[in-house]
Amino acid sequence: MKVVGITILKAGSLAPQPLQLCSASDLSSYSFFQRGGVKEMLTFFSKTFTARTQPGQRQSVQHEAYIVHCYVRPDGLAGTVTTDLEYPPRVAFVLLTQLLDEFANAMGDAWKSASVPDSIAYPPLEEYVAKYQDPASADKITKIQKDLDDTTEILHKTIDNVLERGVKLDQLVERSDDLSRQSKMFYKQARKTNSCCVIS
């Protein structure tokens, strides 16, 4: 999962063609000679997809191995996050919402009068690119889901490890003092019934 680039733009009624206010990217996975072209493509996709996103709307547009997540606020401030296909869209939109709110608070209305591309310096943008490379650490809900998945995997491994040590579940049932005779009989009967129905 990877964030390739984040762009903040002026769009909607404030700009007939979206104007890129600032951007940040992580192009470390590309060769030095490819980086210029990739950066131009990020700008092109951001402007093109933002122009086709209505104010107040969010959308994700897939192109080959990447997805551009767009959000245009009702006031015309817009943002895009370009990620790989595995990146969770919910986390991308959480990032955009939080980033655009912080940007608007920090800049006030100064961004509305910008008329030159990349004319606004916003250092926290680089921090967002770095912070959101791992969506689980940046987003609490994703982190909780990952922890649950890890716990489930550990439980499955534990059961497998017990069975690998040569201890059969049947032997554990026989030795258990916690099970009544009736429960043990039910278990044995269920094993017999299930074993006769196995199709090979």
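A residue is taken as buried when its relative accessible area is under 20%, and both Phe-45 and Phe-49 meet this description in the predicted model examined here. These two residues belong to helix α1, which spans residues 32–51, and because they lie 4 residues apart in that helix, they are separated by about one helical turn. In general, an α-helix has 3.6 residues a turn, so residues three or four places apart point the same way.

A search of the whole structure for aromatic contacts returns 5 pairs. In one of them, the ring centres of Phe-45 and Phe-49 are 5.6 Å apart and the ring planes lie at 0°, so this pair is classed as stacked. Together with Phe-44, the residues Phe-45 and Phe-49 make up one aromatic cluster. A further pair, formed by Phe-103 and Tyr-122, has an edge-to-face arrangement, with 5.0 Å from centre to centre and an angle of 85° between the planes. This pair connects distant parts of the chain, since Phe-103 lies in helix α2 whereas Tyr-122, 19 residues away, is found in the loop between α2 and α3 (124–131). Both partners fall below the burial cut-off: Phe-103 counts as buried because its relative accessibility is 0%, and Tyr-122 is likewise buried, with a relative accessible area of 10%. An aromatic ring is also involved in a contact with a charged group, in that the charged end of Arg-58 sits over the ring of Tyr-71, at 4.0 Å from the ring centre.

Helix α2, which contributes Phe-103 to the edge-to-face pair, comprises 19 residues (89–107) and extends 27 Å from its first C-alpha to its last, a span close to the 27 Å expected at 1.5 Å a residue. Besides Phe-103, the buried residues of α2 are Val-91, Ala-92, Phe-93, Leu-95, Leu-96, Leu-99, Leu-100 and Ala-104. Just after the helix, Gly-108 adopts a positive phi of about 65°.

The strands β1 and β2 were examined next. Strand β1, covering residues 3–10, pairs with β2 in the antiparallel sense, and 6 bridges join the two strands. Within this pairing, Gly-5 has Ser-25 of β2 as its bridge partner. Strand β2 itself, made up of residues 19–25, is mostly covered, with 5 of its 7 residues buried.

Technical notes:
Residues are numbered from 1 along each chain as its sequence is written. This is a predicted model: local features need pLDDT of at least 70, side-chain atom pairs count only at pLDDT 80 or more; totals for chains, interfaces and linings use all residues. Side-chain values use heavy atoms; hydrogens and water are left out. The expected span of a helix is 1.5 Å times one less than its number of residues. Buried means under 20% relative accessible area, exposed over 50%, partly exposed in between (1.4 Å probe, protein chains only). Two strands pair if DSSP finds at least two bridges between them. Rings of Phe, Tyr and Trp (its six-membered ring) pair if their centres lie within 6.5 Å; planes under 30 degrees apart count as stacked, over 60 as edge-to-face and the rest as tilted. A charge sits over a ring if NZ of Lys or CZ of Arg is within 6 Å of the ring centre and within 35 degrees of the ring normal.
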